[in-house]
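Grab a pencil and work through these exercises with the structure open beside you. Try each task before you read its solution.

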Amino acid sequence: MKKLIIARRVSQASFLLLFIYVLWSTTYPLKGLIHPEMLFKTDPLIMIMTSIAERALIAGTILSVSMLILTIILGRFFCGWICPLGTMIDAGGAFGKIKRENDRLNDKIHPVKLYVLAAILIFAVFGRQEAWLLDPIVLMARFISLVLIPFVTSNITFIFELLIRKFGSQGAIGDLYHSLQSSVLGIKVTYFAHSWLILSIFAAILAVTALMKRLWCRGLCPLGALYSFAARFSMLRRVVDISAKGGTGKAPCRMGAIKDDSSYKKSECILCMDCVYSYPPHLTRFSWPLFRHPEENQRPDEGSILDSSAASRPQNDAGGGISRKKFLFVLLTPLLLSGFKFNERKEIGKPEGQGHGPKPEGIIRPPAALNEDDFLNRCVRCGNCMKVCPTNGLQPLSPETGYASMWTPELVPETGYCEYKCTLCGNTCPTGAIKRVTQAEKLSIKLGTASIDRSICIAWAGNKECIVCEEHCPIYEKAIKLKEEVVGGVRIFRPSIDEALCVGCGICQNKCPTRPVRAVRVSPRNSYRP
Amino acid sequence: MATKKLTRKNFLKMCLAGLAGLALGGKFLKDAAAAATSSGFNGRPNKGIKGDYDLVVAKGLDPYISTVKAVTGLGGMSRFVKKNDVVLIKPNIGWDRSPEQAANTNPQVVAALIDMSFQAGAKRVNVFDVTCNDAKRTYDNSGIRAIAKEKGANVYFADDWNTVPMKLSYDSPMNEWPILKDAIECDTFINVPILKHHSLAGLTISMKNLMGICGGDRGRIHNGIGRKLADLTDFINPELTVVDAYRVLLRHGPVGGSLDDVKRLDTIIAGTDPVLADAYAAKLMDTDPMSLSCIKEAVARGFGSADIDKANILNIA
């Protein structure tokens with residue numbers, strides 16, 4: 001009975017399911033058991049780096065620091081027992097065998113993630129939050145919210161559509177479908193732009209497991225790097241007795257944490273408990289040396305009992321520090337990268353509508369999104385706002401608009417407008433990139449301003465009845481005014497925008513019947529950006 | 001793992017299997033499509049059920065009681081709903097507004113109709129609408145979902161993909177328009193609009209309320225709306241029309257939002273002729289019925305009357 005491994009697997013599966021449940025319930029009316037922002041408030045990389053970049057203590061940072069404190073006590077339990085991406089990587093790599101690796105290879109792989117972390121930290125110090133790019137929680141949440149859940153729900157819906165077309169909607173199948181729809185399936189929120197790219201990146205992370213188990217966690221993950229720092233002080237330790245039954249090899253390790261001499265790198269151990277069972281010649285267990293039984297210290301073969309505290313410190317890995325050359329390299333890399341202007345923010349989201357490039361009219365941000373600089377610093381691209389948006393209007397920006405704004409939310413009125421009384425996006429934002437507002441405040445928050453293209457408007461250019469935009473305008477005084485005119489004996493109403501009243505919600509653009517281009521369009525002009 | 005070699009035989013097998021799968025799937029879809037497109041009139045024929053009066057107008061402070069009185073005055077719900085009937089109650093649930101803001105049908109009116117339908121022996125009472133705002137919010141905030149569920153009705157989000165192309169026996173701009181199948185395939189259609197202002201139609205009453213069973217890009221119906229609504233009413237032939245004029249929206253319709261625009265009329269109108277019911281409702285709003293293009297069109301075509309003076313109307317206070 002591999003009790004410890006079973007316990008770990010149960011823990012991994014439970015947390016993965018919990019993670020999916022929390023994101024699944026990130027939808028109107030947002031009444032899940034756990035608030036979706038908690039997934040990120042417990043992520044120290046996101047919270048600390050965003051706080052540093054924003055020069056502000058973001059609510060929840062303390063909570064995430066408690067995860068680091070737990071790591072000091074237990075080691076990297078998060079990576080092995082909780083991290084949903086780690087669980088997916090383990091599941092993906094379950095079919096391969098652990099290859100025998102030697103210290104030389106692992107010593108090269110392990111520190112890479114520290115450079116990644118260092119680069120993120122340096123960017124943060126210079127006021128740029130770049131933790132979003134490689135944070136595992138964000139990668140996982142984005143995949144689940146924008147790819148997995150829409151895929152599952154739209155496929156279930158499709159199957160029901162076929163069945164209902166065949167058997168009618170008034171039987172048991174129709175009833176089941178309609179009750180699922182109002183409980184767990186939800187309606188409408190199924191489309192996200194370029195979700196194939198999000199899927200591809202996620203698949204690539206799983207695929208590198210074929211080269212080496214947990215390669216992502218060993219070598220790249222910046223959250224893992226942060227936890228590996230704290231784990232160096234971990235009180236829970238692996239103790240191995242190598243002389244009990246002989247044996248010249250070493251236990252296989254999915255993290256490459258076990259060294260050739262069977263001691264281990266505490267900072268790389270994720271407590272997966274494999275080595276307790278996988279190499280019988282060595283007696284391995286995890287214990288608290290502070291409370292060690294006095295007898296143990298007096299055993300005659302003490303020399304063969306390896307304890308991390310003695311063996312792992314003076315190595316050239318995380319514990320040993322880095323050379324001056326490498327330090328300079330780490331320091332210079334972000335600066336050199338900046339030289340490419342890869343995270344240039346000049347051209348994007350210009351509210352005045354004077355930008356150029358792929359979106360010259362600018363980007364319509366969610367209601368009460370902070371000013372563009374702070375917004376980009378705080379936004380971790382987790383996808384909560386897009387998942388929760390009831391009209392499916394919030395879409396991830398494509399890489400087309402540049403790295404700096406990639407996957408940040410944009411309101412696309414063609415796919416969905418901003419529901420006038422809804423405040424869900426701000427309510428689910430874990431870092432406050434979208435300000436949290438009350439419903440009363442929301443009603444006057446401007447996302448932009450609509451304007452009417454009279455050259456294609458049905459009433460202006462076609463002299464026909466329409467008024468669809470005016471009818472849908474949610475402002476009770478109507479931000480779209482109608483002017484009655486008689487053209488050729490026909491009475492028509494021609495719309496115009498009252499810019500002072502317009503909040504730029506985009507319902508007019510969403511419902512406008514002209515195709516392919518809508519006659520009424522919203523631009524981020526005069527938007528409110530706190 | 002033993003991998004199967006891709007020989008010519010295997011390749012052909014794979015192709016055949018793929019083709020068979022495609023053919024089966026295609027047949028399935030084709031059957032479904034064929035069932036949906038038969039020729040000739042495919043709407044709901046007029047059953048010709050008449051009430052004891054042409055219209056019953058009930059006034060009172062409680063919309064539930066007024067509705068019961070109005071329908072009872074017509075001759076009772078059992079005249080429209082037979083045992084084991086599937087009943088569709090079609091309120092206006094278009095907007096993310098509360099009942100007080102008078103943009104959606106009063107939930108109490110819907111509740112009364114559900115209760116009466118079940119008492120008359122209905123097997124199933126469906127309640128849905130194709131909404132303008134987000135359906136989840138409108139169903140909740142209109143108060144209709146909660147009360148209809150409580151009363152045992154089958155309240156669900158309209159399947160706007162499950163449609164049938166409309167076909168009238170005459171030429172119509174609405175021909176081929178996608179209409180919700182569930183709205184056509186019911187034994188009794190009860191249309192329950194709210195009376196309110198509308199900038200294009202003048203007022204939106206029962207004929208305009210039928211836009212809520214249309215799929216597709218509904219904005220396009222607005223061009224030549226009078227003719228289209230008349231044809232749509234001729235296609236659906238609701239057995240019973242109950243106009244909710246308990247609270248009415250005087251201005252800034254059809255969405256409203258300000259209580260200043262709302263007026264209490266405390267009136268429920270029930271009738272079998274949707275045109276007459278609309279005409280009476282228009283009068284309540286001091287509007288000449290013939291100024292509403294859909295009423296004018298329906299009267300000209302001769303399938304309804306707007307002559308309130310000649311109608312046999314029962315007033316219940």
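pLDDT is the predictor's confidence in each residue, on a scale from 0 to 100. You need it here since this is a predicted model.

**Exercise 1. Find out how confident the predictor is about chain A, and which stretches call for caution.**

Step 1: Start with the whole chain. Chain A has an average pLDDT of 88, and 90% of its residues reach at least 70.

Step 2: Now look for weak spots. Residues 294-303 of chain A stay under 50 and have 2 contacts beyond four places in sequence. Residues 308-320 of chain A are also below 50, yet that stretch has 30 contacts in the model beyond near neighbours in sequence.

Step 3: Decide how to read them. Where pLDDT is low, don't read the predicted coordinates in detail.

**Exercise 2. Work out how the axes of α3(A) and α8(A) are oriented, and which residues meet there.**

Step 1: Get the geometry. The axes of α3 (residues 44-54) and α8 (residues 112-125) of chain A come within 7 Å and cross at roughly 30 degrees.

Step 2: Apply the cut-off. Angles under 35 degrees count as roughly parallel, so α3(A) and α8(A) are roughly parallel to each other.

Step 3: List who meets whom. From α3(A) come A:Met49, A:Ile52 and A:Ala53, and they meet A:Ile120, A:Ala124 and A:Val125 of α8(A). Sorted by class, this contact has 6 nonpolar residues, no polar ones and no charged ones.

**Exercise 3. Decide whether B:Val262 is buried, partly exposed or exposed.**

Step 1: Locate the residue. B:Val262 sits in strand β11 (residues 262-271) of chain B.

Step 2: Count neighbours. A buried residue needs 20 or more C-beta neighbours within 10 Å, and an exposed one has 12 or fewer. B:Val262 has 18 inside 10 Å, so it counts as partly exposed.

Step 3: See what it touches. Beyond four places in sequence, the contacts of B:Val262 are B:Glu100, B:Gln101, B:Ala102, B:Arg247, B:Leu249 and B:Gly256.

**Exercise 4. Describe the side of chain A that touches chain B.**

Step 1: Take the totals. In this pairing, 35 residues of chain A are in contact with 33 residues of chain B.

Step 2: Find the helices involved. α9 (136-167), α10 (172-185) and α22 (468-472) of chain A each supply at least two residues to that side, and α9(A) gives the most, with 5 residues.

Step 3: Sort by class. The side of chain A that touches chain B has 16 nonpolar, 7 polar and 12 charged residues.

Key: Residues are numbered from 1 along each chain as its sequence is written. Chains are lettered from A and ligands numbered from 1 in the order in which they are written. This is a predicted model: local features need pLDDT of at least 70, side-chain atom pairs count only at pLDDT 80 or more; totals for chains, interfaces and linings use all residues. Two residues are in contact if their C-beta atoms, placed from the backbone, lie within 7 Å. Helices (H or I, at least four residues) and strands (E, at least two) are DSSP runs, numbered from the N terminus. Ala, Val, Leu, Ile, Met, Phe, Trp, Tyr, Cys and Pro count as nonpolar, Asp, Glu, Lys and Arg as charged, and the others, Gly among them, as polar. Axes are lines fitted to C-alpha atoms, for helices over the stretch in contact, and angles run from 0 to 180 degrees between N-to-C directions. Angles under 35 degrees count as roughly parallel, over 145 as roughly antiparallel, 65 to 115 as roughly perpendicular and the rest as oblique.
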